[in-house]
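Please look through the structure below before reading on. The paragraphs that follow take its parts in turn.

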Amino acid sequence: MSKDTIANLLTYIRNADMNKKRTVRIPYTNITESVVKILLREGFIENTRKHQESNKCSLVLTLRHRRNRKRLDRTVLNLKRISRPGLRIYSNYQRIPKILGGIGVVIISTSRGIMTDKEARLNVIGGEILCYLW
């Protein structure tokens, strides 16, 4: 397991979605909890709950069920990590990209916490671009 918790979160969700799994369990950190709350609010996942076994906490995510999937290699949920530990990508609020003309979501880490691109534009604040979701 690497130190990049956001990349691990996105990989867990992407792999579970490709294999048509209904639930996925990810390790709990404050950053992953913030990103999962955004995913839940934007409708990419259906439900989340915190699970604790002995010392370790984890989040159990319930993914949206997609019935009309024709091929295995094509997923409806697309996740792309942008800023990574080796190359950080920052943007001011005016240059935050719009994914698919505003249909997709950009998750940004700002000085006021982790938020979506729409919230960052409303608060007139920029930050580190974490990932794209569409």
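**Strands around β8**

Two bridges join strand β5 (residues 90-91) to β8, and the two run antiparallel; here helices (H or I, at least four residues) and strands (E, at least two) are DSSP runs numbered from the N terminus, and two strands pair if DSSP finds at least two bridges between them. This is a predicted model, in which local features need pLDDT of at least 70 and side-chain atom pairs count only at pLDDT 80 or more, while totals for chains, interfaces and linings use all residues. Residues are numbered from 1 along each chain as its sequence is written, and side-chain values use heavy atoms, with hydrogens and water left out.

Within the pairing of β5 and β8, Y90 has E128 as its bridge partner. Strand β6 (residues 105-110) is also joined to β8, by five bridges in the antiparallel sense, and there I107 is partnered by C131. A further three antiparallel bridges link β4 to β8, with Y132 in β8 as the partner of K80. Strand β8 itself is mostly covered, since seven of its seven residues are buried, where buried means under 20% relative accessible area, exposed over 50% and partly exposed in between (1.4 Å probe, protein chains only).

From β8 one can turn to helix α1 (residues 5-18), which has 14 residues and reaches 20 Å from its first C-alpha to its last. That reach is close to the 20 Å expected at 1.5 Å a residue, the expected span being 1.5 Å times one less than the number of residues. Among the buried residues of α1 are I6, L9, L10 and I13, and what covers the buried residues of this helix includes β1, α2, β3, β4 (79-81) and β8 (127-133). In the segment before α1 lies D4, which counts as buried because its relative accessibility is 13%; leaving aside its neighbours within four places in sequence, D4 is in contact (heavy atoms within 4.5 Å) with R81 and P85.

Another part of the model is an open sheet of three strands in the order β1-β3-β2, with antiparallel pairing. Its edge strands are β1 (23-27) and β2 (45-53), each of which pairs on one side only. Strand β2 pairs with β3 (residues 56-63) over eight bridges in the antiparallel sense, and the partner of N47 in β3 is T62. Helix α2 (residues 30-42) lies across β1, β2 and β3 and runs at about 150° to β2, with axes taken as lines fitted to C-alpha atoms, for helices over the stretch in contact, and angles running from 0 to 180 degrees between N-to-C directions.
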